[in-house]
2 protein chains.
Amino acid sequence: MSFSVTILGSGAALPTAHRKPTSQYIFCNERHILIDCGEGTQTQIRKAGIKLQKITHILISHLHGDHYFGLVGLLSTMHLLGRDQGVTIYGPVELEQIVRLQLEVGHAKLGFSLTFVPLNGKEHKLLFEDKLVEIHTFPLKHKIPTNGFLIKEKPKERSIIGEALRESGVSLMAVPFFRRGEDFTDESGEIHYADDYTYAPKASKSYAFCSDTRYTESIIPYIQDVDLLYHEATFTEKEADRAKATMHATAKQAAQIAQKAQVGKLLLGHLSARFDGVEAHLAESKPVFDNVVVVNDFDVFEV
Amino acid sequence: MSFSVTILGSGAALPTAHRKPTSQYIFCNERHILIDCGEGTQTQIRKAGIKLQKITHILISHLHGDHYFGLVGLLSTMHLLGRDQGVTIYGPVELEQIVRLQLEVGHAKLGFSLTFVPLNGKEHKLLFEDKLVEIHTFPLKHKIPTNGFLIKEKPKERSIIGEALRESGVSLMAVPFFRRGEDFTDESGEIHYADDYTYAPKASKSYAFCSDTRYTESIIPYIQDVDLLYHEATFTEKEADRAKATMHATAKQAAQIAQKAQVGKLLLGHLSARFDGVEAHLAESKPVFDNVVVVNDFDVFEV
């Protein structure tokens with residue numbers, strides 16, 4: 001799988017025996033990204049067989065403890081294991097002070113650089129891009145400033161039809177043009193059309209992470225048509241009042257968002273500790289949006 | 001058991017599959033005390049079947065993360081579970097800022113009071129006493145200021161010999177005097193001797209916690225004759241250089257301290273992640289001090 005999401009924690013504020021607090025590992029075209037880092041994430045990473053030291057980007061949605069209390073421990077472990085490659089952390093502005101204070105009082109000097117990129121939970125923004133991947137943030141609606149994230153594959157190159165190229169005798173200099181979908185004019189002035197020598201590229205996939213948030217259609221423009229959407233569903237409709245009071249979503253609401261945004265597949269997580277099973281979540285989400293899964297810790301999804 | 005120690009984490013800075021970072025639960029005469037609180041302690045407490053909400057005193061030895069990164073998560077969980085009883089936290093002065101900052105940025109208002117008692121890692125001090133228990137701190141020698149802890153049962157009352165009392169016809173008003181070991185003079189001026197009406201009280205037990213520290217005989221006056229001593233043994237003599245450089249102790253050194261302080265039993269813990277087994281630790285400690293155990297997570301010891 002070149003683009004996958006591993007659920008490291010599917011629970012809400014109160015960890016249970018089976019649901020640890022929020023964290024997800026995203027592998028996208030050789031990029032290794034961690035979203036949120038609740039307490040115990042480093043242990044979950046080890047149990048999942050993920051190579052901790054490959055992670056270079058850490059995205060923190062907001063500063064409720066179940067989304068970041070494991071961060072400084074994770075960074076300490078990276079250091080103890082001899083890391084020298086830098087880590088970039090995207091999160092609320094106070095996060096830098098929290099992390100640096102804890103490193104400082106422990107006289108811990110990390111062997112790698114930490115770069116903090118402050119997020120304010122109020123705007124859509126491209127956070128990172130290279131030739132393989134783009135990371136965007138967009139605002140969620142929760143009790144404190146909270147950031148959603150969108151991870152997209154960059155448009156892929158077209159594949160060359162080797163036989164057509166050989167038979168035509170077009171110069172190999174044309175190949176990079178064709179891969180990008182551009183036509184190529186040779187020395188004699190003849191135009192060779194990319195369409196004749198290439199297959200269309202594989203579709204670029206995208207994944208959106210929305211936790212924590214109340215029901216809000218304001219996120220739809222950012223998550224429209226994503227292949228995979230993770231949306232929190234802390235509660236079900238039975239606890240709709242509680243959802244409203246705590247600015248969380250119900251399973252039905254998450255399905256409504258998925259349906260309106262026409263996403264490919266919906267993952268529900270951040271379940272309150274009160275739920276033993278997933279039946280209630282499925283019963284109210286499936287009629288609204290059929291391709292839905294309630295995630296468990298260590299589930300892996302291909303985007 | 002009226003006085004017991006439950007090992008919640010027996011590992012060092014790098015957690016392993018079987019050894020979580022430092023934490024211990026001490027039950028002493030109805031008092032519920034937590035020493036250190038590495039990441040994941042709240043999960044270990046649940047797995048051990050300990051009632052989280054009974055804990056009223058939390059002692060933090062020092063501010064290396066493997067001794068306190070689980071604290072703010074533990075407090076959050078206490079709050080979410082509806083706690084209203086206050087908690088007193090004894091630890092390095094910066095701990096209060098670290099905890100309060102994280103609660104503040106999450107807009108978390110705890111439903112119970114937090115009292116911080118600052119420790120400087122430099123002095124012996126009685127931290128708490130009531131009629132059942134005493135908690136003392138004393139200085140260890142580590143890279144940053146670090147506090148050892150001594151938990152002692154208060155001297156117990158003598159038991160009344162009911163038959164002797166009945167036969168003598170001494171007033172029942174004498175009982176509280178006798179329990180305290182005091183003689184009682186009745187209205188006629190006759191003296192009744194406590195020894196004649198009571199059995200000697202059960203011995204008061206004591207437990208000392210020493211982690212993290214290099215070998216230092218300076219702690220011996222504080223831990224002399226304790227019934228149970230936990231002393232860190234991050235390394236063995238094979239890694240003596242590493243122990244020296246990091247200001248940790250070897251298993252042999254811990255045994256030497258136990259032997260010189262004439263303690264009842266020695267527990268070794270805080271093992272470096274490099275050790276799979278405990279043989280090397282036992283091989284070098286037992287010849288020096290025979291009554292030694294290398295602890296594992298979830299071990300329970302009667303003091």
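Q: How many residues of chain A are in contact with chain B?
A: 26 residues of chain A are in contact with 25 residues of chain B. Contact means that the C-beta atoms, placed from the backbone, lie within 7 Å. This is a predicted model, where local features need pLDDT of at least 70, side-chain atom pairs count only at pLDDT 80 or more, and totals for chains, interfaces and linings use all residues. Residues are numbered from 1 along each chain as its sequence is written, and chains are lettered from A and ligands numbered from 1 in the order in which they are written.

Q: Which helices of chain A supply residues to that side?
A: H1 (41-47), H2 (71-80) and H3 (94-105) each supply at least two. Helices (H or I, at least four residues) and strands (E, at least two) are DSSP runs, numbered from the N terminus.

Q: What turn lays chain A on chain B?
A: A turn of 180 degrees, with a shift of 0.0 Å along the axis and an RMSD of 0.1 Å. That is the relation of a two-fold axis. The superposition is by least squares on the C-alpha atoms of residues with pLDDT of at least 70 in both copies.

Q: Which residue of chain A comes closest to the rotation axis?
A: Gly40(A), with its C-alpha at 2.8 Å. The same surface serves both copies, as 96% of the contact residues of chain A recur in chain B.

Q: Back to H3(A). How many residues does it have?
A: Twelve. H3(A) reaches 17 Å from first C-alpha to last, close to the 16 Å expected at 1.5 Å a residue. The expected span is 1.5 Å times one less than the number of residues.

Q: Which of its residues are buried?
A: In H3(A), Leu95(A), Ile98(A), Val99(A), Gln102(A) and Val105(A). Buried means 20 or more other C-beta atoms within 10 Å of a residue's own; exposed means 12 or fewer, and partly exposed is in between, with C-beta atoms placed from the backbone.

Q: Why do they line one face of the helix?
A: Seen down the axis of H3(A), the buried residues fall within an arc of 145 degrees, so they line one face. The arc is that of the directions from the helix axis to the C-beta atoms.

Q: What do they pack against?
A: The buried residues of H3(A) pack against H2, strand E5 (87-92) and strand E6 (114-119) of chain A, together with helix H3 (94-105) of chain B.

Q: And which exposed residues are on the face turned away?
A: Gln97(A) and Glu104(A).

Q: What happens just after H3(A)?
A: His107(A) takes a positive phi of about 50 degrees.

How values were computed
Contact = placed C-beta atoms within 7 Å.
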